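The following paragraphs lead the reader through a structure of two chains, from its interior outward to individual residues. Please keep the sequence and the model in view while reading.

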Amino acid sequence: MATSDARRPRPVRTLVLFTVLTVLLPFAGLVTATMVDGAGSDNPGGASLTPALALDLEGGTQIILTPTATDGSAITDESIEQSIDVIRQRIDANGVTEAEITRQGGQNIVVGIPGDPDQATVDLVSQPAQMRFRPVLAYEMGTPAPDVDPSADPSGEPAEEPPAERGTPADASDLAWITPEVQEQFDALDCTDEANLRGGGGGGDDPAKPLVACTQDGSLKYVLGPVEVDGSSISSASSGLMPGPNGTVTNEWGVFLELDSQGAEQFAQTSQRLFGFGQGDVRNQFAIVLDGLVVSAPGITTPITDGRAQISGSFTAESAATLANQLSFGALPLQFEVQSQETISATLGSEQLRTGLIAGLIGLLLVVVYSLFQYRTLGLLTVASLVVAGAITYVAIALLSYAMDYRLSLPGVAGLIVAIGFTADSFIVYFERIRDELRNGRSLRSAVERGWLRARRTIYAAKAVNLISAVILYYLAVGGVQGFAFTLGLTTIIDVMVVVWFTHPVMVLLTKVPFFRDGHRLSGFNRERLTISGTRARYAGAGRVAMSATIAEEAAAEAATGAPPSGSAPGGSATPSRGPLPAAATDASGGRLTIAERRAAERRATERRAAERRAAETEEGR
Amino acid sequence: MAGLSFAAWGNDLYTGRRSYPIVAQRRRWFALFGALALASILVLATQGLSLGIDFRGGTEIAVENVSTTQQAPAIDAVRGVVGGEEPRVATVGSSALRIQTQTLTDEQTAEVVTRLAEAYGIDAETDVFVSTVGPTWGQGVSTRALWGTVAFVLAAAAFMAIYFRAWRMSLAAIVSMLADLLISAGVYALIGWEVTPSTIIGFLTILGFSLYDKMVVFDKVRENIDGVLDQAHTTYAERANLAVNQTLVRSINTSVVALLPVGGILFVGALLLGAGTLRDLSLSLFVGIAVGAASSLFLATPLDVSLREREPRIKAHTASVLAERAGAVTTGEDVAMAMTDRSGAQLVPGRHQGVGAQPRARKR
């Protein structure tokens, strides 16, 4: 037993580490999460010991969105379809919730979301998130200017400046955009009125014309020039804490934008021009307009040429994340109004889930019976491994439904049941390789060692294919297929972990148990069952030759009759035809025969066969 | 003792003492799978797959102000008009029901509305609303799922080609996988159940399982054909056939273990629950796993042999082995040796090839 191998396997240590790291630790984490941030009616996104269920099993909320006609955009089939696509991408980016998005009637969009969504989620699906960058021409306090004399307002200074040059404005920052009508509109705008703070994106504002808009909190109102950079130029958006000066991180949440090359170029030109106005000038500011409301209007301190922009404002971590998500997938082409938001029951009864689980359990029980039949006591290792894999999967899903909003749908449950097959296959491949090595006459310990090396390669390669499919489908597909890919990837990873860190170490430990080592009849490693019938003997070391009585008898019987124990497959060039069987190496009492005795036995057998053949021929001849 | 004989069978398969000429009789298997695939195409062409409401949209009927939100009356009302239809009923809020069915004609709709009003004791004029509902699984979802699948199959093919260092092997696996998918779809069309998103998920699972199983079987082939060109006793086809035989026990065990739970769900789903996600899913899975496991042995490996025997090196090797074998037999020299060589593709302990394994002295 003394192996001086430096890479000596330490099965006990592996097992303990594995149990702690993948079973106990996640479970402890889950329990802690439940204590700290437990799920309840007031906290639907909290942690729970049971996995969250998807729309089909648990029901959820049905939000009906109605497009509101705004000028400048027509409600067409195309724009509705486009909206559905955008909404789906936004929801999918938020986690693996498997929302259900349909069109109802001519124009309505019905969004089914599992559980009880918070306001951020409702905003996510219903807000157009049309982001545009416009230069600031003028701004003022958010109250309507007194009709008598707008010049009395000190902050409105640039606005009351009579535009020097009338006619066609030269660029977007040209004050000539402020026509008397625009001025009038601006003066009349009351940003304290809620109605003016609802925004009107989705094409509500004409990008080629100046815009009069409030800030999101209604404190200021702006006159803005035509759109310089459109939201469609945003290639990616993310949220995070805003960096402060000197590379520090401030406490303020913001959204980081990256523009595509065209957008970056436009942005560079614009910021160059605005920078030219000098700091302190009103027109040095650049307004970021979201759905017709000004999010922020930072001054340009240096021209921005790399196409990266940051938006700060009164964001919370959540609202920043929502905005980043909305911007990433582009704006909805339409403005939607939440027509109704109601709870909806599960489309599949709880009966389906229960029956499905019972059926799965029955199937699992049959699997247990089958593996016990096939592998005897060793089948218990399969069962134990499956149980461990099941426990890890359960905890992982419960944790993921907390962290990623993963929801288990009925196809997901079925996927998990199918995963039993995938997982069990790893063990079967492993056991069969060990048996192959035993058939080669190895001891159990070296058979396990060699069998593992060969099985491991097969398992890794085959699981790699599964993992590739899971990753690709997860990133390319949407909705239910994405959920499926997620389940597949999860179970594949857990499966490999269990085989490497549980099944194999336990197997190494089992080789030390006499019951298995000596190949007890019920151990699944029975020599008699695995020794190749037809081979004479296995060299057992120290001058002894091991030969089981059963095999000896069988071989003797075969030698005597000259017939194979059961029909060999018929011809074909690849069919190996069997050579004459060697005679038994032992006599009836199991003692070894001398060479002379064996030769005599062989001769007798041949003669008997010849006699039988003659007899058969005469039989036929009759 | 069935267990013992099964194990003994496994032993014999392993040593090659007993061998099923799967590769040698590959034409038979090609013909069988070809016929099944053709039949599937025929069924798909004539019968077609009936797409469910998730793909085509349908009619949605909202019933409001009901006193009871029990779903059974709604299901009965729809079934009374359209037999065999499985409406999807959900409770909305506290006093309304949402009923989705396949697209109904105006007469059918009117009839259903009347029955619903009767069943729930409400006014058909004011409390029942009919509208159309679009597909949840629209064109966009299908397109993305399709592209995802194509990308993943290509990636898997590339992975296999690199792992086995043989693009022909990868091609054989992909072709067999497509055959599996075709046959599964054919069986599904034959039974005539509606295609739901669950079915699609089922088919994707089949795709994954099929590739996985082929990977396992091919890995055994790879192990066996390792160094096949450096010896002169066995051909590529014989080694591959040995691999198929050696992996037979594993394939049977795996398929049984994978099929038992799915079979359980199918049985319960089809017999007790009627139509629904479980039934659709488990049927596609059951057929797919069975066909997928079988095709790894009977289609993929023979196909691989057929393809790879076109490789010049393997072609030359096979020819030389066969020629030598024929020569050895005709000269009557080492006949017994040639026989044992062939059966001994897998080295058997306690037996050696004697002087026959030594380099042969050149004859003058």
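A residue is called buried if 20 or more other C-beta atoms lie within 10 Å of its own, exposed if 12 or fewer do, and partly exposed in between, with C-beta atoms placed from the backbone. A nonpolar core is then a set of buried Ala, Val, Leu, Ile, Met, Phe, Trp, Tyr and Cys residues joined through C-beta atoms within 7 Å. The model is predicted, and local features need a pLDDT of at least 70, side-chain atom pairs count only at pLDDT 80 or more, and totals for chains, interfaces and linings use all residues. Residues are numbered from 1 along each chain as its sequence is written, while chains are lettered from A and ligands numbered from 1 in the order in which they are written.

The largest nonpolar core has 143 residues, and those that touch the most other members are Val481(A), Ala485(A), Ala173(B), Ala240(B), Val262(B), Phe286(B) and Ile289(B). A second core, separate from it, holds 67 residues, among them Val111(A), Ala237(A), Ala320(A) and Leu334(A). Which residues does Val262(B) touch, not counting residues up to four places away in sequence? Two residues are in contact if their C-beta atoms, placed from the backbone, lie within 7 Å. By this rule Val262(B) touches Val418(A) in addition to Ser282(B), Leu285(B), Phe286(B) and Ile289(B).

The two chains may next be considered together. In the contact between them, 87 residues of chain A meet 90 residues of chain B. Helices (H or I, at least four residues) and strands (E, at least two) are DSSP runs, numbered from the N terminus. On the side of chain A that touches chain B, helix α11 (residues 410–439) of chain A gives the most, with 16 residues. That side of chain A consists of 41 nonpolar, 32 polar and 14 charged residues. Here Ala, Val, Leu, Ile, Met, Phe, Trp, Tyr, Cys and Pro count as nonpolar, Asp, Glu, Lys and Arg as charged, and the others, Gly among them, as polar.

Chain A contains 17 helices and 15 strands, and 45% of its 622 residues count as buried. Of the contacts in chain A between residues at least 6 apart in sequence, 70% join residues at least 24 apart. One strand of chain A illustrates a general pattern. In a regular strand the side chains alternate between the two faces of the sheet. In strand β12 (residues 308–312) of chain A, Ala309(A) and Ile311(A) point to one face and are buried, whereas Arg308(A), Gln310(A) and Ser312(A) point to the other and are not. Two strands pair if DSSP finds at least two bridges between them. Strand β9 (residues 249–259) of chain A pairs with β12(A) in the antiparallel sense over five bridges, and Gly254(A) has Ser312(A) as its bridge partner in β12(A).

Chain A also has loops that deserve attention. Arg376(A) is placed in the loop between α9 (350–375) and α10 (379–403) of chain A. Most residues other than glycine have a negative phi. Arg376(A), although not a glycine, has a positive phi of about 55°. Arg376(A) counts as partly exposed because it has 19 C-beta neighbours inside 10 Å.

Chain B has 13 helices and four strands, and 52% of its 364 residues are buried. The domain assignment, which is automatic or from a database, gives chain B domain 1 (9–51 + 138–313) and domain 2 (58–133). The centres of domain 1 and domain 2 of chain B, taken over C-alpha atoms, are 43 Å apart. Asn65(B) lies in the loop between β1 (58–64) and α4 (72–81) of chain B, and its phi is a positive value near 55°. With 13 C-beta neighbours inside 10 Å, Asn65(B) counts as partly exposed.

The last stop is helix α7 (residues 167–191) of chain B. The expected span of a helix is 1.5 Å times one less than its number of residues. The 25 residues of α7(B) should therefore span 36 Å, and the end C-alpha atoms are 36 Å apart, which agrees. Just after α7(B), Gly192(B) takes a positive phi of about 85°. Is Gly192(B) buried or exposed? Gly192(B) counts as exposed because it has 11 C-beta neighbours inside 10 Å. Not counting residues up to four places away in sequence, Gly192(B) touches Gln47(B) and Ser50(B).
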